[in-house]
Amino acid sequence: MEVNIIFKIAAIGIIVSVLNTVLIRSGRDDQAMFTTLAGVIVVLMMLIPEIKDLMTTVKSLFVI
């Protein structure tokens with residue numbers, strides 16, 4: 001796993017947090033929730049290939 005992906009996830013978290021705060025302060029709670037949900041989905045989409053590689057590695061360890 002590269003260190004770059006950790007920085008990307010942190011950057012997405014910061015951006016989503018700021019957007020969430022701004023939207024809640026302006027009274028747009030529904031849009032804030034959708035922004036948070038979109039951030040979570042983007043991060044999960046980034047992590048799916050990494051999880052796949054992990055499972056492949058674990059599977060190869062147990063093959064005789």
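Is leucine 37 buried, partly exposed or exposed, and what is its relative accessible area? In this predicted model, leucine 37 turns out to be partly exposed, with a relative accessible area of 45%. That value falls between the two cut-offs, because buried means under 20% and exposed means over 50%. As for its place in the fold, leucine 37 belongs to helix α2. Going back 20 residues along the chain leads to serine 17, and the C-alpha atoms of leucine 37 and serine 17 are 11 Å apart.

Leucine 37 also has some company at the surface. Together with Met33, Phe34, Ile41, Met45 and Ile48, Leu37 makes up a nonpolar surface patch. Added up, the accessible area of this patch is about 630 Å². Methionine 33, another member of the patch, sits in helix α2 too, a helix that runs over residues 29–62.

Now for the chain as a whole. The protein chain contains 2 helices and 0 strands. Its radius of gyration is 17 Å, while the globule rule gives 11 Å for 64 residues, so the chain is more spread out than a compact globule. The box filled by the C-alpha atoms fits into this picture: along the principal axes, its sides are roughly 60 × 20 × 10 Å.

What about the surface and the charges? Of the 64 residues in the protein chain, 12% are buried. The chain's accessible surface comes to about 5400 Å², and carbon and sulfur atoms account for 72% of that. On the charge side, there are 5 positive and 5 negative side chains. The centres of these two sets lie 2 Å apart.

Methods
Residues are numbered from 1 along each chain as its sequence is written. This is a predicted model: local features need pLDDT of at least 70, side-chain atom pairs count only at pLDDT 80 or more; totals for chains, interfaces and linings use all residues. Side-chain values use heavy atoms; hydrogens and water are left out. Patches are made of residues with over 30% relative accessible area and no salt bridge: like charges are joined within 9 Å, nonpolar side chains (Val, Leu, Ile, Met, Phe, Trp, Tyr) within 5 Å. Accessible areas come from the Shrake-Rupley method with a 1.4 Å probe; for residues, only the protein chains shown count as cover. A salt bridge is a side-chain nitrogen of Lys or Arg within 4 Å of a carboxyl oxygen of Asp or Glu. Helices (H or I, at least four residues) and strands (E, at least two) are DSSP runs, numbered from the N terminus. The radius of gyration is taken over C-alpha atoms; the globule rule is 2.2 Å times the number of residues to the power 0.38. Buried means under 20% relative accessible area, exposed over 50%, partly exposed in between (1.4 Å probe, protein chains only). Lys and Arg count as positive and Asp and Glu as negative; His and the chain ends are not counted. The place of a charge is taken as NZ of Lys, CZ of Arg, CG of Asp or CD of Glu.
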